[in-house]
Amino acid sequence: MRGEPSILHVDLDAMFAAVEQRDKVSLRGKPVVVGGVAGRGVVSTASYEARVFGVRSAMPMAQARRRLPSGTAYLSPRFAAYKRTSQVVMDLLTGLTPLVEQVSIDEAYLDLAAGGHDLSPRGVTELALRLKREIAEATGGVTGSVGVASSKLLAKIGSELHKPDGLTVVPAGEELTLLHPLAVGALGGVGPATEQRLHRSGVRTVGQLAAVPLADLVDWFGVAHGNGLFRLARAEDNRVVVSEREAKSVSAEETFDVDLTDPVRLQRELDLLSARVAGRLRDSGLSGRTVNIKVRHPDFTTVTRALTRDQPTDDGRLVAQLARRLLAEVNTTGGVRLLGVGVSTLADFAQDELFSLERPVLIEPLLMAPAPEPLAVATETAGPPVWRPGQDVRHDEHGSGWVWGSGLGRVTVRFEGPRTLPGPVRTFAVDDPLLHTTDPPDWTEPSP
DNA sequence: TCTGGGGTCCTAGGACCC
DNA sequence: TCTGGGGTCCTAGGACCC
């Protein structure tokens with residue numbers, strides 16, 4: 001918590017619906033719902049006209065239809081349009097300060113202290129009003145709600161307080177006055193489960209939460225969450241505004257209109273999801289070592305399986321192969337409602353000079369040699385020499401050797417162990433590295 | 001015609017290493 | 001030779017956010 005209200009939170013109001021109403025005049029003033037229109041879809045965003053009927057984000061679309069009057073527009077999301085609008089707003093924000101943290105397509109935190117602004121309550125109020133005006137003008141009528149306070153916690157609560165098109169400035173020193181009467185659910189990180197547990201102990205407001213001993217909170221929620229709640233209830237929040245965040249995982253999933261049972265169909269869906277994930281990895285210049293799958297059964301129970309390799313990949317076929325192996329561990333005879341594929345433990349190839357030209361591949365197991373004879377291997381490629389001779393060799397206690405590396409073209413591998421049988425020279429084509437990519441066997445580092 | 005899709009963070013237990 | 005303790009990595013599940 002800072003000594004002045006220097007953190008600003010902007011949240012665009014019902015953004016998906018607002019963009020649709022902006023782009024289509026006939027939708028203005030009418031209930032609009034954007035989301036999954038098909039059988040098992042849910043509401044992404046309901047316009048304020050639709051919220052009057054109790055429709056909310058994440059509500060099943062079927063339920064929303066039962067509540068809403070005829071004449072309501074049910075629309076599939078147009079993400080490209082929302083992204084363009086989002087970018088217009090983000091550009092405005094970066095004009096105010098270099099320290100902008102985009103939380104989602106329609107939300108961001110700004111550190112005004114990094115922008116050299118007048119941080120008095122009056123100064124930030126004028127700045128926020130100007131920003132709101134500029135957002136509405138630049139987007140053609142999409143409004144944003146703004147909160148300015150001494151911490152992320154209070155700024156976010158402030159932007160929520162007078163939606164839509166709202167503005168709340170919390171002067172330093174008034175944080176607790178604002179915070180304590182609120183319901184515990186207003187705190188970020190307090191979802192249905194936490195709220196229920198708190199209610200069970202008679203804790204309904206943030207003020208009541210602030211009276212709960214730390215030991216109880218840790219007991220109920222664990223160390224991290226317990227401590228977090230204890231601090232938030234006191235408006236203690238030192239979280240900084242971070243402009244760049246590294247991705248930790250990439251995933252794709254799909255809920256089927258009808259539960260799937262056909263194993264062939266399941267494998268095909270898995271392949272498609274794997275290709276989607278791998279494509280997005282490559283688009284971002286990323287690759288990952290862990291492949292995850294997610295299976296949701298018809299009764300909504302969800303299981304995950306994961307497998308971590310030694311080397312990262314962004315190859316859809318390899319991801320699919322590993323995903324299939326994981327799926328084989330899951331009982332799908334009762335049907336599958338949702339299937340998901342993810343890749344995590346991400347690596348950034350661009351940072352590794354050795355791999356800057358080509359993607360790494362694992363060449364098939366090459367040689368059996370008597371243990372504990374160390375293997376020395378020289379490799380050459382017709383293309384750029386991406387292997388350093390003698391390096392990148394792995395072998396296990398049984399003497400099996402593998403070569404890691406990257407590159408296309410013909411690769412010659414010579415085995416030059418001092419007492420190894422005269423090394424066979426093997427040459428093989430790596431014109432398609434994917435075909436030579438195999439699952440890494442377990443291996444141990446050669447002892448020096 | 002209940003319950004999306006993309007993420008992040010935390011926990012707990014086991015394996016493994018020193 | 002009745003028994004350690006810390007650290008790291010991995011897996012599975014769950015809560016939460018937009």
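In this predicted model, the buried residues of helix α1 pack against the strands β1, β2, β3 (43-46) and β4 (73-75), and against the helices α2 (48-51) and α4. Helix α1 is largely enclosed by the rest of the structure, because seven of its nine residues are buried. These buried positions are Met15, Phe16, Ala17, Ala18, Val19, Glu20 and Gln21.

The largest nonpolar core of the protein comprises 31 residues, and the members that touch the most other members are Leu8, Val10, Leu93, Leu110 and Leu112. At least two residues of this core are supplied by each of β1 (7-12), α1 (15-23), β2 (32-35), α4 (79-96), β6, α5 (121-139) and β7 (144-149). Helix α4 provides the largest share, six residues. The surroundings of one core member, Leu110, can be described in detail. When neighbours within four places in sequence are left aside, Leu110 is in contact with Ser6, Ile7, Leu8, Val10, Leu93, Leu96, Thr97, Leu99, Val100 and Val241. A second core, separate from the one just described, contains 26 residues, including Leu154, Leu179, Val184 and Leu217.

Two acidic residues were examined next. Asp11 is located in strand β1. This residue has a relative accessibility of 8% and therefore counts as buried, the limit for that class being under 20%. Apart from neighbours within four places in sequence, Asp11 is in contact with Asp106, Glu107, Thr143, Gly144, Ser145, Ser159, Glu160 and Lys163.

Glu107, one of these contacts of Asp11, lies in strand β6, which spans residues 107-111. With a relative accessibility of 12%, Glu107 also counts as buried. The side chain of Glu107 takes part in a polar contact of 3.0 Å with the side chain of His9. A polar contact of 3.0 Å also links the side chains of Glu107 and Lys156. If residues up to four places away in sequence are not counted, Glu107 touches His9, Val10, Asp11, Met90, Glu101, Gln102 and Lys156. In addition to these protein partners, a polar side-chain atom of Glu107 lies 3.4 Å from a sugar or linking oxygen of DNA strand C.

The surroundings of DNA strand C were then considered as a whole. Around this strand there are 19 residues, of which Ser104, Lys156, Thr194, Ala306 and Thr308 come nearest. Of the atoms of DNA strand C that come within 4 Å of the protein, 100% belong to sugar and phosphate. Phosphate oxygens are approached by both backbone and side-chain atoms: a backbone N or O atom of Gly189 lies 2.7 Å from one such oxygen of DNA strand C, and an N or O atom in the side chain of Arg289 is 2.6 Å from a phosphate oxygen of DNA strand C. Helix α8 (192-200) and strand β11 (302-313) each contribute at least two residues to the surface near DNA strand C. Strand β11 gives the most, with six residues. By residue class, the surface near DNA strand C consists of seven nonpolar, seven polar and five charged residues.

DNA strand B is surrounded by 22 residues, and the closest of them are Arg40, Ser249, Glu253, Thr255 and Arg280. Among the atoms of DNA strand B within 4 Å of the protein, 72% are part of sugar or phosphate, while the rest belong to bases. Helix α11 (223-233) and the strands β9 (249-260) and β12 (336-348) each supply at least two residues of the surface near DNA strand B. The largest share of that surface, seven residues, comes from β9.

Several positions approach the phosphates of DNA strand B. An N or O atom in the side chain of Ser249 is 2.7 Å from a phosphate oxygen of this strand. For Ser251, a polar backbone atom is found 2.8 Å from a phosphate oxygen of DNA strand B. Glu253 likewise places a polar backbone atom 2.6 Å from a phosphate oxygen of DNA strand B. In total, the residues of the surface near DNA strand B divide into 10 nonpolar, five polar and seven charged.

Conventions:
Residues numbered from 1 in each chain as written. Chains lettered and ligands numbered in written order. Predicted model: local features only at pLDDT ≥ 70, side-chain atom pairs only at ≥ 80, totals over all residues. Heavy atoms only, no water. Near = heavy atom within 4 Å. Polar contact = N/O pair within 3.5 Å; in protein donor to acceptor, adjacent residues only side chain to side chain. Helix = DSSP H or I, 4+ residues; strand = E, 2+ residues; numbered from the N terminus. Nonpolar A, V, L, I, M, F, W, Y, C, P; charged D, E, K, R; others polar. Buried < 20%, exposed > 50% of the residue type's maximum accessible area, 1.4 Å probe, protein only. Contact = heavy atoms within 4.5 Å. Core = buried A, V, L, I, M, F, W, Y, C linked by side-chain atoms within 4.5 Å.
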